[in-house]
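Reader: I have a structure open in front of me and would like to learn how to read its features one by one. Could you go through them with me, giving the general idea before each case?

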Amino acid sequence: MIDISHLRQEVTELKTAIARKKFECDLDSIAELDRERRECIASAEKARGGQKAANDEMSKLQKGSLEFLEKVSRMKEVAAEVKELEAVAKQADDRFQEAFLSIPNIPHESVPDGNSEADNQVVSTWGEVEGDFPHAIPHYDIPWFGKMIDFPRGVKVAGAGFPFYVGEMSQLVRALINFFLEEAGTNGYQEVHSPIVVNAASATATGQLPDKEGQMYVDTNEDIYLIPTAEVPVTNFFRDEILPAEDLPLKRVAYTPCFRREAGSWGKDVRGLNRLHQFDKVELVKWVHPDHSFEELESLRIDAEGLLQKLELPYRVLLICSGDIGFPHSKQFDLEVWAAGQKRWLEVSSCSNFTDFQARRANIRFRGPDGKPQPVHTLNGSALAIPRVLAGILENHLQADGRVKIPECLRKWFPQEFIGP
RNA sequence: GGAAGGAUGGCAGAGUGGUCUAAUGCGGCGGUCUUGAAAACCGCUGAGCCGGAAACGGCUCCGGGGGUUCGAAUCCCUCUCCUUCCGCCA
């Protein structure tokens with residue numbers, strides 16, 4: 001949800017900004033709905049005020065008196081009128097709110113123009129990208145891959161996209177989770193262990209509903225959703241709260257499984273670990289003062305990048321263009337690992353500043369210097385998504401003897417130097 | 001799953017149809033007094049929306065939604081959540 005003053009006072013600027021996102025959105029008629037709504041509310045409140053004043057007088061009259069009875073019959077009309085005007089006002093308000101909620105967040109001025117992912121900018125690259133990897137093969141073609149990550153049994157037990165990680169591979173997953181959590185702790189993020197289901201209110205606050213309903217697994221009996229990312233429960237931790245200004249910035253990290261139906265992407269890049277219905281991810285979330293959110297986005301991205309560097313994985317940083325950025329995002333960086341075997345980039349992290357967009361929906365505020373509550377800015381970033389990092393490790397660290405070298409930083413939780421036959 | 005009782009301001013807790021613009025207490029903020037502090041005393045004390053340049057004024061909010069009534073924190077329906085007891089259980 002954007003700041004309504006943009007709609008009232010800077011429609012032209014707002015139009016330009018929204019147009020950059022390639023969203024269809026009729027701001028003129030939404031502004032008109034706002035005017036209608038305010039008119040209706042004003043007349044309903046006026047009528048209601050009159051009714052209240054009359055009621056105060058009535059309370060001073062003798063209950064059964066002639067004057068009282070006269071007044072009752074007169075007030076019946078007023079009551080009906082108030083009811084009618086209030087209904088009209090509520091209708092106008094609902095119409096406006098629904099339309100208003102459909103306005104996407106404003107892209108930051110530093111976000112480049114563009115129509116699609118083809119226009120995303122490569123900000124930087126790190127490591128031996130597209131270098132000399134004589135043994136490189138796609139991770140799913142490594143001879144022992146199927147033994148350690150069992151897809152057929154996952155299909156039998158759950159369905160496609162729900163593999164088992166077996167033995168040393170399971171330990172490696174656990175090592176990655178521990179490594180990510182511990183690094184985040186060092187960087188000042190407090191660890192939380194979160195619910196992995198959320199209610200509709202939470203999913204609406206972060207923007208999954210109504211926009212991406214089809215992407216989530218839902219239990220209609222309980223009206224709860226399996227989370228597509230820890231962003232949803234963790235951001236909602238402070239929903240409907242006013243945070244002490246001195247607590248900002250607040251930083252949290254959570255490991256959770258994530259569930260995505262991936263409807264509509266059937267058959268697209270789904271081999272091996274590239275795209276799963278359930279995967280593990282460590283997520284960073286920040287609530288910050290509005291003045292510092294874009295600096296906080298930089299440090300968030302640097303926190304995520306540090307992990308890839310310690311894992312010795314070549315990667316690039318993409319600045320997502322205005323046409324490819326998400327509905328609630330103001331600015332977004334993606335981190336992509338170079339998968340040397342598949343010879344393609346795999347997205348392992350998305351770091352975003354939502355400015356006040358989620359905070360307004362979620363009603364997360366802090367007290368400004370004037371004592372008035374105002375929305376915080378929220379940010380989050382994967383650090384990192386485990387299966388694709390695993391794919392990166394398998395493809396980039398594969399040795400001539402068919403084993404895979406495990407990065408030094410994981411040694412604490414995974415004592416062996418190699419994994420494989 | 002069964003039964004009963006609850007949900008009121010930052011917290012505790014009154015209020016069962018008409019100055020409730022919600023008592024009282026605690027906490028918090030400001031002031032008086034004091035060398036300073038404490039105590040005591042005095043004052044203030046939430047959120048949203050509408051109008052307004054502002055000062056300020058109005059409307060809404062007593063878990064959510066709906067209803068009854070001229071009038072609802074208060075009565076009715078419904079949903080959610082909490083507590084206690086019983087049952088089952090990691």
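Reader: Let me begin with a helix: how many of the 11 residues of helix α12 (residues 386–396) are buried?

Author: Before the answer, some ground rules: this is a predicted model, in which local features need pLDDT of at least 70 and side-chain atom pairs count only at pLDDT 80 or more, while totals for chains, interfaces and linings use all residues. Residues are numbered from 1 along each chain as its sequence is written, chains are lettered from A and ligands numbered from 1 in the order in which they are written, and side-chain values use heavy atoms, with hydrogens and water left out.
In general, an α-helix has 3.6 residues a turn, so residues three or four places apart point the same way. Helices here are DSSP runs of H or I of at least four residues, strands are runs of E of at least two, and both are numbered from the N terminus; buried means under 20% relative accessible area, exposed over 50%, and partly exposed in between, with a 1.4 Å probe and protein chains only. In α12, 10 of the 11 residues are buried, so the helix is largely enclosed by the rest of the structure; among the buried residues are Ile386, Leu390, Ile393 and Glu395.

Reader: Which strands make up the open sheet of three strands, and in what order?

Author: Strands of a sheet pair through backbone hydrogen bonds, either parallel or antiparallel. Two strands are taken as paired if DSSP finds at least two bridges between them. Here the order is β8-β14-β15, with mixed pairing, and the edge strands β8 (241–243) and β15 (373–375) each pair on one side only. The pairing of β8 and β14 is parallel and runs over three bridges, with Ile242 opposite Arg365 in β14.

Reader: Where does RNA strand B meet the protein, and which helix gives the most to the surface near it?

Author: A residue counts as near the strand if one of its heavy atoms lies within 4 Å of it. By that rule 22 residues surround RNA strand B, the closest being Arg8, Arg37, Arg48, Ser59 and Lys76. Helix α3 gives the most to this surface, with 10 residues, while α3 (27–60), α4 (66–101) and β14 (364–367) each supply at least two. Of the atoms of RNA strand B within 4 Å of the protein, 73% belong to sugar or phosphate and the rest to bases.

Reader: What are the distances from the side chains of Arg37, Arg365 and Glu45 to RNA strand B?

Author: An N or O atom in the side chain of Arg37 is 2.7 Å from a phosphate oxygen of the strand, and one in the side chain of Arg365, the residue that stands opposite Ile242, is 2.8 Å from a phosphate oxygen. For Glu45, a side-chain N or O atom is 3.1 Å from a base nitrogen.

Reader: How many aromatic pairs are there, and how should I read one?

Author: A pair of aromatic rings is described by the distance of the centres and the angle of the planes. Rings of Phe, Tyr and Trp (its six-membered ring) pair if their centres lie within 6.5 Å, and planes under 30 degrees apart count as stacked, over 60 as edge-to-face and the rest as tilted. The count comes to 11 aromatic pairs. In one of them, Phe23 and Phe327 have ring centres 5.5 Å apart and planes at 55°, so the pair is tilted. Phe23 lies in the loop between α2 (11–20) and α3, and Phe327 in the loop between β11 (315–319) and β12 (331–339), so the pair ties together parts that are 304 residues apart in sequence. Phe23 is partly exposed at 31% relative accessibility, whereas Phe327 is buried, at 9%.

Notes. Polar contact = N/O pair within 3.5 Å; in protein donor to acceptor, adjacent residues only side chain to side chain.
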